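This report describes the overall architecture, the surface and the salt bridges of one protein chain. The sequence and structure are shown here for reference.

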Amino acid sequence: MSLRVDILTLFPEMFSPVLGTSIPKRAAEKGLVEYRLTNIREFATDAHKSVDDKPFGGGPGMVMMAPVVFEAVETVEKQDARPATRIVLSPQGRPFDQKLAEALSKHPRLLLIAGHYEGFDERIIDGLRPLEVSVGDYILSGGELAAMVVVDAVVRLLPGALGAEEGAADETFASGLLEHPQYTRPREFRGMTVPEVLLGGNHGSIAAWRYEQRKIRTKLRRPDLWRAYENRKDKADE
């Protein structure tokens, strides 16, 4: 059965260029995933279709209202018997990484709630108990772009989503190391040449070179990842 991805947002039109392009599109065409977009504003009950209001206690900005979000989530969840993993995109959430993407790719259904304005009424978090996910320590105008990041990272991990030439096993973060350098034609460009080992056809030597380059690159560019990799290796050797 395909993965169902529900996205609750005030701006569903933002998602078409991403979900209708490249790997997300091909995965849907293969029947690996289905995307359902729901406009949260449809569940507003007043004449103005209000989804936000001023925060109690004062302060800048507007806060998304709990009744509207609850009604949207509960209505959408009834559309499918599969249990939905609720996800709120929030700068206060768990950092999104490859490990979390892999875990989410094994779920039957994801329900992403993309907030806007100043944030959510805290009762949305307390009552719906979603997984809060952050794509980085910075503030976006809304959760839509963050939701796109999560969907793209998850969908490409679905079995069959990538072609043989795009296998995920050797990519950056797949084993805790950054990806090795890549080269293509021409062999020489502006005095820069392709490493000789890649031209000899010895697959064992190429694999060893690539592995060494991954370690060197990770150690230089991401010492945090290198320390984590070293710690895992040490524990495995114990």
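A residue is called buried when its relative accessible area is under 20%, exposed when that area is over 50%, and partly exposed in between. Leu 145 counts as partly exposed because its relative accessibility is 46%. The model is a predicted one, and the values below are computed from it.

**Overall architecture**

The protein is built from eight helices and ten strands. Its C-alpha trace spans about 70 × 45 × 40 Å along the principal axes. The chain comprises 238 residues, of which 39% count as buried. Among contacts between residues at least 6 apart in sequence, 75% join residues at least 24 apart.

The protein exposes about 14100 Å², and carbon and sulfur atoms supply 53% of this area. It carries 32 positive and 35 negative charges, whose mean positions are 5 Å apart.

**A nonpolar surface patch and a buried lysine**

Leu 145, the residue classified above, lies in helix 6, which covers residues 144-155. Together with Met 14, Tyr 138 and Leu 140, Leu 145 forms a nonpolar patch on the surface. The four residues have about 350 Å² of accessible area together.

Lys 215 belongs to helix 7, which runs over residues 203-221. Is this lysine buried or exposed? Lys 215 is buried, because its relative accessible area of 18% falls under the 20% limit. Leaving aside residues up to four places away in sequence, Lys 215 touches Leu 177, Trp 226 and Tyr 229.

**Salt bridges**

Side chains of opposite charge can pair when their charged atoms come close. A search of the whole structure finds ten salt bridges. The table gives three of these pairs, with the distance between nitrogen and oxygen and the relative accessible area of each partner.

| Salt bridge | N to O distance | Accessibility of the Arg | Accessibility of the acidic partner |
|---|---|---|---|
| Arg 109 and Asp 6 | 2.9 Å | Arg 109, 0% | Asp 6, 0% |
| Arg 36 and Glu 34 | 2.9 Å | Arg 36, 36% | Glu 34, 22% |
| Arg 123 and Asp 121 | 2.6 Å | Arg 123, 52% | Asp 121, 16% |

In the pair of Arg 109 and Asp 6, the closest N and O atoms are 2.9 Å apart. This pair links distant parts of the chain: Arg 109 is in strand 6 (residues 109-113) and Asp 6 is in strand 1 (residues 3-9), 103 residues apart. Arg 109 counts as buried because its relative accessibility is 0%, and Asp 6 is likewise buried, with a relative accessible area of 0%.

The side chains of Arg 36 and Glu 34 also meet in a salt bridge. Arg 36 is partly exposed at 36% relative accessible area, and Glu 34 is partly exposed at 22%.

How do the partners in the third pair stand with respect to the surface, buried or exposed? Asp 121 counts as buried at 16% relative accessibility, whereas Arg 123 is exposed, with a relative accessible area of 52%. The closest N and O atoms of Asp 121 and Arg 123 are 2.6 Å apart.

**A network of charged side chains**

Which residues are linked in a network of salt bridges? The network joins Arg 4, Asp 6, Glu 34, Arg 36, Asp 80, Arg 82 and Arg 109. Among its members are the buried residues Arg 109 and Asp 6, as well as the partly exposed residues Arg 36 and Glu 34.

How values were computed
Residues numbered from 1 in each chain as written. Predicted model: local features only at pLDDT ≥ 70, side-chain atom pairs only at ≥ 80, totals over all residues. Heavy atoms only, no water. Patch = residues over 30% accessible without salt bridge, like charges linked within 9 Å, V, L, I, M, F, W, Y side chains within 5 Å. Areas by Shrake-Rupley, 256 points an atom, 1.4 Å probe, with all protein chains shown as cover. Helix = DSSP H or I, 4+ residues; strand = E, 2+ residues; numbered from the N terminus. Buried < 20%, exposed > 50% of the residue type's maximum accessible area, 1.4 Å probe, protein only. Contact = heavy atoms within 4.5 Å. Lys, Arg positive; Asp, Glu negative; His and termini not counted. Charge placed at Lys NZ, Arg CZ, Asp CG, Glu CD.
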